[in-house]
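Welcome! Here are a few short exercises to help you find your way around a new structure. Try each one before reading its solution.

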Amino acid sequence: MKLGTFMMPLHPPGRRPADTLAEDREAILLADRLGYCEAYVGEHVTDLAENVTSCLMFLASVAHDTKNIVLGTGTINMPNGHPAAIAAQVAMLDHMLKGRFIMGISPGGLMSDAEVFGNYQKDRNAIFLESINMVLDIWAKDAPYDLHGDYFHVSTAKTSIPEIGQGTIIKPYQKPHPPIVVTAVAPHSKGVAEAAKRGWTPISANFLLPEWVASHWPKYREGRKAVGAEPKTSEWRVAKSIFVADDDKVAERYGRSPEGPYHFYFKQLVRKLVGAGGRGNLFKLDQSQPDSEITAEYVTKKLVIAGTVNSVVDQILAFRENTGDFGTLLYPCHDWLDPALGRRSMQLMAEQVMPRVNAALKSG
């Protein structure tokens with residue numbers, strides 16, 4: 001099992017963006033030094049708690065200061081941009097990283113972002129598909145493109161000067177394009193099967209019950225089999241909120257109690273997904289359970305792995321028993337309320353937890 005990291009990231013709205021952006025950047029650089037294989041960063045435009053407004057800009061800021069870690073967008077919210085801009089910016093970052101890049105894409109889940117970009121209550125899945133198809137067409141075809149859709153139009157036919165390069169968008173460093181990943185949120189997601197048919201791989205979200213995470217693998221397998229491809233568990237990434245400490249009491253206080261950043265994260269998420277988004281189904285197996293019971297305390301206790309090294313190892317192995325085998329465990333970076341504890345958890349995760357997890361898997 002490989003170890004990567006995924007950050008939305010989510011901080012208390014009162015913190016200065018200058019400070020949280022520096023903190024998020026430090027977490028990526030630390031992950032690179034510790035040997036994490038991948039790092040994904042999300043984006044939102046209209047959320048003071050999630051103030052990375054462009055994952056591509058953020059990743060560009062660490063491109064030349066990281067050495068080995070593969071950087072990924074987690075995710076580009078495709079309906080909120082223009083396919084020509086996305087194609088050009090992704091290709092540019094892929095060149096900056098010399099292929100050390102993965103393109104994560106989605107329709108976007110924050111409704112205030114959808115409203116500000118004019119696609120609230122529109123068919124964002126349809127906009128998403130048209131957008132990514134146009135991006136791929138831009139990379140596959142030569143200028144002047146002349147791509148027409150229901151939502152976007154891409155052409156440089158009237159202004160192209162081929163002999164000097166005008167009118168042409170650069171193609172990615174990786175051929176034919178960077179690997180594409182999609183986030184999997186819905187239980188038994190049909191989107192995972194459709195993505196798998198196109199060779200895109202899933203990341204199961206860290207805020208799902210293990211049983212819903214487990215439902216993604218059969219859908220991925222279904223999609224790969226449909227196109228005559230052999231699905232590999234190594235292609236499946238699963239995110240899980242984890243906090244590792246040297247002391248059990250510290251682990252419980254920081255990782256699960258109302259005074260810790262993990263509780264804050266899930267308090268924000270429950271408000272967005274349950275209170276405003278009608279997605280209480282994500283947090284319960286029995287759909288007759290009332291949404292009023294889906295509190296931050298309930299969700300944090302259900303979904304956070306916290307403890308000392310041996311306890312976390314046991315909890316990860318138990319989680320994997322529920323979900324089935326997967327290739328990469330993505331450790332979400334939550335707010336560093338206590339920077340020393342945040343760094344220490346990442347260090348323990350890389351240097352002690354994962355070697356013991358993999359030793360147990362090998363012996364098992």
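**Exercise 1.** What is the accessible surface of the protein, and what percentage of it belongs to carbon and sulfur atoms?

*Solution.* Keep in mind that this is a predicted model. The accessible surface is about 16,100 Å². Carbon and sulfur atoms hold 53% of that surface. Turning from the surface to burial, 54% of the 364 residues are buried.

**Exercise 2.** Work out whether the radius of gyration agrees with that of a compact globule.

*Solution.* Start with the chain length: for 364 residues, a compact globule would have a radius of gyration near 21 Å. Next, take the value for the protein, 20 Å. The two agree. To picture the extent, note that the C-alpha trace spans about 65 × 50 × 45 Å along its principal axes.

**Exercise 3.** Find where the cis peptide bonds before Pro-144 and Pro-176 lie.

*Solution.* Begin with the general expectation: most peptide bonds are trans. The bond from Ala-143 to Pro-144 is cis, with omega near 15°, and Pro-144 sits in the loop between α5 (124–140) and β6 (147–148). The bond from Lys-175 to Pro-176 is also cis, with omega near 0°; Pro-176 belongs to the loop between β7 (153–154) and β8 (180–184).

**Exercise 4.** Is Gln-121 buried or exposed?

*Solution.* First locate Gln-121, in the loop between α4 (111–116) and α5. Its phi is positive, about 65°, although Gln-121 is not a glycine. Now apply the cut-off: exposed means over 50% relative accessible area. Gln-121 has 72%, so Gln-121 is exposed.

Technical notes:
Residues are numbered from 1 along each chain as its sequence is written. This is a predicted model: local features need pLDDT of at least 70, side-chain atom pairs count only at pLDDT 80 or more; totals for chains, interfaces and linings use all residues. Side-chain values use heavy atoms; hydrogens and water are left out. The radius of gyration is taken over C-alpha atoms; the globule rule is 2.2 Å times the number of residues to the power 0.38. Buried means under 20% relative accessible area, exposed over 50%, partly exposed in between (1.4 Å probe, protein chains only). Accessible areas come from the Shrake-Rupley method with a 1.4 Å probe; for residues, only the protein chains shown count as cover. Helices (H or I, at least four residues) and strands (E, at least two) are DSSP runs, numbered from the N terminus.
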